[in-house]
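Thanks, everyone, for making the time this morning. I would like to walk through one model with you, taking the charged pairs first and the overall surface afterwards.

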Amino acid sequence: MRRNLIDRTMPLQTLTLVMLSSVAIVGCVSTKTNTQTLIELETARKTSTQLKQQLIQESAQRKAAERQAAELANEREPLEARSRALQSRLDVLAGIIHD
């Protein structure tokens, strides 16, 4: 009986060993695949860094443009007032000439 039990467990142990070995082999990647993946990750990291820098530059440019637009808007109101005053004087002068 004891021999019978040993005979049954040996194939089970062998089968388990074969299955674990195949899982280990399938789970491993080749050096070429690993190197290629590392290269791709490094390329993606560099691209990400470049995009971040570009976003920072574009954000600074946008803020500068917004500041300039605000300054121009502040300058516009006095210029419009001056334009209205000059137009009024022109209208008065045109009325004098026509009379």
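Let me begin with a question for the room: is E42 buried, partly exposed or exposed? E42 is partly exposed, at a relative accessible area of 32%, where buried means under 20% relative accessible area, exposed means over 50%, and partly exposed is what lies in between, with a 1.4 Å probe and protein chains only.

Before I go on, a word on provenance. This is a predicted model, in which local features need pLDDT of at least 70 and side-chain atom pairs count only at pLDDT 80 or more, while totals for chains, interfaces and linings use all residues. Residues are numbered from 1 along each chain as its sequence is written, and side-chain values use heavy atoms, with hydrogens and water left out.

The protein has two helices and zero strands; these are DSSP runs, numbered from the N terminus, with helices being H or I of at least four residues and strands being E of at least two. The charged pairs I will show are in helix α2, which covers residues 31-98.

Searching the whole structure gives three salt bridges, a salt bridge being a side-chain nitrogen of Lys or Arg within 4 Å of a carboxyl oxygen of Asp or Glu. E42 belongs to one of them: its partner is R45, and the closest N and O atoms are 2.5 Å apart. The two residues are three apart in helix α2, about one turn of the helix, and R45, with 46% relative accessibility, also counts as partly exposed.

The next pair is E66 with R62, whose side chains meet at 3.2 Å, N to O, and which sit four residues apart in helix α2, again about one turn. Here E66 has a relative accessible area of 46% and R62 has 44%.

Then there is E80 with R76, at 2.8 Å from N to O. Because they are four residues apart in helix α2, about one helical turn separates E80 and R76. E80 is partly exposed at 33%, whereas R76 is exposed at 53%.

Turning to the nonpolar side, V92, L93 and I96 make a surface patch of about 300 Å²; patches are made of residues with over 30% relative accessible area and no salt bridge, with like charges joined within 9 Å and nonpolar side chains (Val, Leu, Ile, Met, Phe, Trp, Tyr) within 5 Å. Of these residues, L93 lies in helix α2 and is partly exposed, at 48%.

Finally, the totals: the protein exposes about 9,500 Å², of which carbon and sulfur atoms supply 62%, the areas coming from the Shrake-Rupley method with a 1.4 Å probe, and for residues only the protein chains shown count as cover. Buried residues make up 0% of the 99 residues.
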